[in-house]
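Biologist: Could you take me through this model and tell me what stands behind the words you use for it?

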Amino acid sequence: MVNAEVWKALRTELDKKQVTLVAVSKTKPAGDIQELYDLGQRQFGENYVQELVEKQAVLPADIEWHYIGHLQSNKVKFIAPFVHLIHAVDSFKLLQEINKQAAKNNRVIKVLLQMHIADEATKFGMDENELTTLLEYYTAQKDTLQHIQICGLMGMASFSDDKEKVRAEFARLHNVFKFLKDSYFLYEPYFNTCSMGMSGDYQIAIEEGSTMVRIGSMLFGERNYAK
Ligand SMILES: *Cc1c(COP(=O)(O)O)cnc(C)c1O
């Protein structure tokens, strides 16, 4: 079951602020996705490769699928034929593999680089140094990376009730985003996406400059991982 009223109100709010809504449908059945699709939602996010491949096969072809989870290099080939945006690139090796699989499919695949902004050790992503190193490699080898487009950054804040802490983490991500936009990507107008904010913290994320939010439980209800 999806919450149609919540979706409508959220989309109205986000459209007004020109923030893209990715409806995070992980663990939810294809029927729920179809319901939101019928209301007009086209961008959906998943974070398990097999689940995404299965859903993509049975749902409308014009859905734009976002891969928002941690991606292993050996699984890129399964989503490369159709994926719209890969949110969580955290190594140069993964970037090269996405480029290779995109080339095989005659595509250019859009990606975001994931930065680690939370203080929890469990969350994936790069720190500033790792990000800089990746961008040095990227810049040096750009000619061989014509099948990817780095469109921005993605991050997840700490899971915390401390709103000021969450705000500071989003602000930090947005600062790095702005810096890259004015340096490495100055001549690449497609570098325009700062993906941050989930059901619990999207309002703060938008106040801090998010251009894309990834929202699941608020639209689809709580996830049940046990089933
Ligand atoms: C699950 C997930 C979301 C959505 O989380 P909700 O709290 O349900 O809105 C957003 N981003 C990522 C990377 C996720 O894995």
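Modeller: Gladly; we can talk about a pair of helices and then the ligand. This is a predicted model, where local features need pLDDT of at least 70, side-chain atom pairs count only at pLDDT 80 or more, and totals for chains, interfaces and linings use all residues. Residues are numbered from 1 along each chain as its sequence is written, and side-chain values use heavy atoms, with hydrogens and water left out.

Biologist: Why are α6 and α7 called roughly parallel?

Modeller: The axes of α6 (residues 128–140) and α7 (residues 163–181) cross at roughly 25°. Angles under 35 degrees count as roughly parallel, and α6 and α7 therefore earn that name.

Biologist: Which residues of α6 and α7 meet?

Modeller: E128, L131 and L135 in α6 meet R172, V176 and L180 in α7, contact being heavy atoms within 4.5 Å.

Biologist: What makes the link between S199 and the ligand a polar contact?

Modeller: A polar contact is a pair of N or O atoms within 3.5 Å. A polar side-chain atom of S199 lies 2.6 Å from a ligand oxygen, so this pair qualifies. For a polar backbone atom of G216, the distance to a ligand oxygen is 2.8 Å.

Definitions and conventions
Axes fitted to C-alpha atoms, helices over the stretch in contact; angles between N-to-C directions. Helix = DSSP H or I, 4+ residues; strand = E, 2+ residues; numbered from the N terminus. Parallel < 35°, antiparallel > 145°, perpendicular 65-115°, else oblique. Polar contact = N/O pair within 3.5 Å; in protein donor to acceptor, adjacent residues only side chain to side chain.
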